[in-house]
Amino acid sequence: MAPRGKSINLYLMDGEAGGRIKCTLANWTGIAYKIPRTELEKCKERDDLKQSGVYFLFGTSDITDKNVVYIGQAGARKNGEGILNRLQEHKRNPEKNYWTEAIVFTTSNNSFGSTEISYLENRFCNLALLANRYEVKNGNDPTPGNITEEKESEMEEFIDYAKVIMGTLGHKLFEPVSKPVQRNDNDAVAINEDYSRLHLERTIKKIGKIEADGMQTAEGFVVLKGSRISPVEDDTIRSGVRQQRKAAKIDDNNILLEDMLFSSPSSAASFVIGKSTNGLIYWKNREGQTLKSLEEE
């Protein structure tokens, strides 16, 4: 059965896309807020931001220029201070001056206790680490706490909704870059096998055989972890691809240690081979068909 569509309500609290956004889903008790760091003071009168919840601080690393995130929890306090107070503390903390916006998850009925927010913080951290899109700034692995199987099921459902909202608000924090292309087939969603795994081989003089696996995704083209990357490059390679080669995690045997996303099959092929390359010709499926011929079909 194909996944059902979802109706998401986005309220532009300041009347503009760059301001604060409140997000809800039909038949869901959760509430999400996207709050620019500069607009935090405007939230003082919002009672639901004084509740318990989980928050995400998003920014960019000054050292690696990579997207970074810090994931935390905040419990409601006796003085009425909860999530908002915690965000204000982070804003005053010079060690967390990297973040530019926060995304917050709480509930309309203030139902989160310490057990729930500890479980959510732990799961969100592990999901973000698994997807490996952002550098997770948490120093320690949050404890999941003790939770009943009934409550765990309830929290996992909350997480499923939170994943959808997080992507809608602009952060694909929980989505692996190697998510394969899907197609509709008689109202059922199936992986398109022709695109799910593509292969590239090239023999380079004095280097030997270069082999890589990749796949097309909705965002571009991914070179998969375990591919062998040419250690040499020539002047035909584009500057953006050259920078990606410099930043890539590659071991002493020229093996790629993580999935990497590129804007096109040709950029991905150039990254692997080290020279300007037509990726539509070099990427092939297991039957030997080129990506060009697959797309023409």
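Ala, Val, Leu, Ile, Met, Phe, Trp, Tyr, Cys and Pro are counted here as nonpolar, Asp, Glu, Lys and Arg as charged, and the remaining residues, Gly among them, as polar. Under this scheme, the lining of the largest pocket comprises 10 nonpolar, 5 polar and 7 charged residues. The structure in question is a predicted model. The volume of the largest pocket is about 780 Å³. Its lining is formed by 22 residues, and those nearest the centre of the pocket are Lys66, Asn132, Arg133, Glu258 and Met260. Two or more lining residues are contributed by each of helix 2, helix 5 (239-247) and strand 13 (260-262).

The protein chain as a whole contains 297 residues, of which 43% count as buried. Its secondary structure consists of 8 helices and 13 strands. The C-alpha trace extends over about 70 × 50 × 40 Å along its principal axes. When contacts between residues at least 6 apart in sequence are considered, 60% of them link residues that are at least 24 apart.

One open sheet is built from 7 strands, arranged in the order 1-2-3-6-4-5-7 with mixed pairing. Strand 1 (8-12) and strand 7 (135-136) each have a single partner strand and stand at the edges, so one side of each lacks a neighbour in the sheet. Within this sheet, strand 2 (residues 21-25) pairs with strand 3 (residues 30-36) in the antiparallel sense, over 3 bridges. In this pairing, Cys23 is placed opposite Ala32 of strand 3. Helix 2 (residues 114-131) packs on the sheet, where it touches strand 4, strand 5 and strand 7, and its direction makes about 165 degrees with that of strand 5.

A further helix is associated with these strands. Helix 1 (residues 83-92) lies across strand 4 (53-60), strand 5 (67-74) and strand 6 (99-107), and runs at about 165 degrees to strand 6. The buried residues of helix 1 are Ile83, Leu84, Asn85, Leu87, Gln88 and His90. Their cover includes strand 4, strand 5 and strand 6. In general, an α-helix has 3.6 residues a turn, so residues three or four places apart point the same way.

The loop between strand 3 and strand 4 holds Glu39. This residue is classed as buried because its relative accessible area, 17%, falls under the 20% cut-off. Apart from neighbours within four places in sequence, Glu39 has contacts with Asp14 and Arg20.

A second group of strands is also described. In this open sheet, 4 strands follow the order 10-11-12-13, and the pairing is antiparallel. Strand 10 (198-204) and strand 13 are the edge strands, each pairing on one side only. From one strand to the next, the twist averages 30 degrees. Strand 10 and strand 11 (residues 208-217) run antiparallel and are joined by 7 bridges. Across this pairing, Arg202 stands opposite Ile210, a residue of strand 11. Strand 13, at an edge of this sheet, is also among the elements that give two or more residues to the lining of the largest pocket.

Terms used. Residues numbered from 1 in each chain as written. Predicted model: local features only at pLDDT ≥ 70, side-chain atom pairs only at ≥ 80, totals over all residues. Heavy atoms only, no water. Pairing = 2+ DSSP bridges. Contact = heavy atoms within 4.5 Å. Axes fitted to C-alpha atoms, helices over the stretch in contact; angles between N-to-C directions. 1 Å grid on protein atoms, 1.4 Å probe; cavity = no way out; pocket = protein on both sides within 12 Å on 5 of 7 lines; lining within 4 Å. Points joined across faces, edges and corners; volume = space filled by probe spheres on them. Buried < 20%, exposed > 50% of the residue type's maximum accessible area, 1.4 Å probe, protein only.
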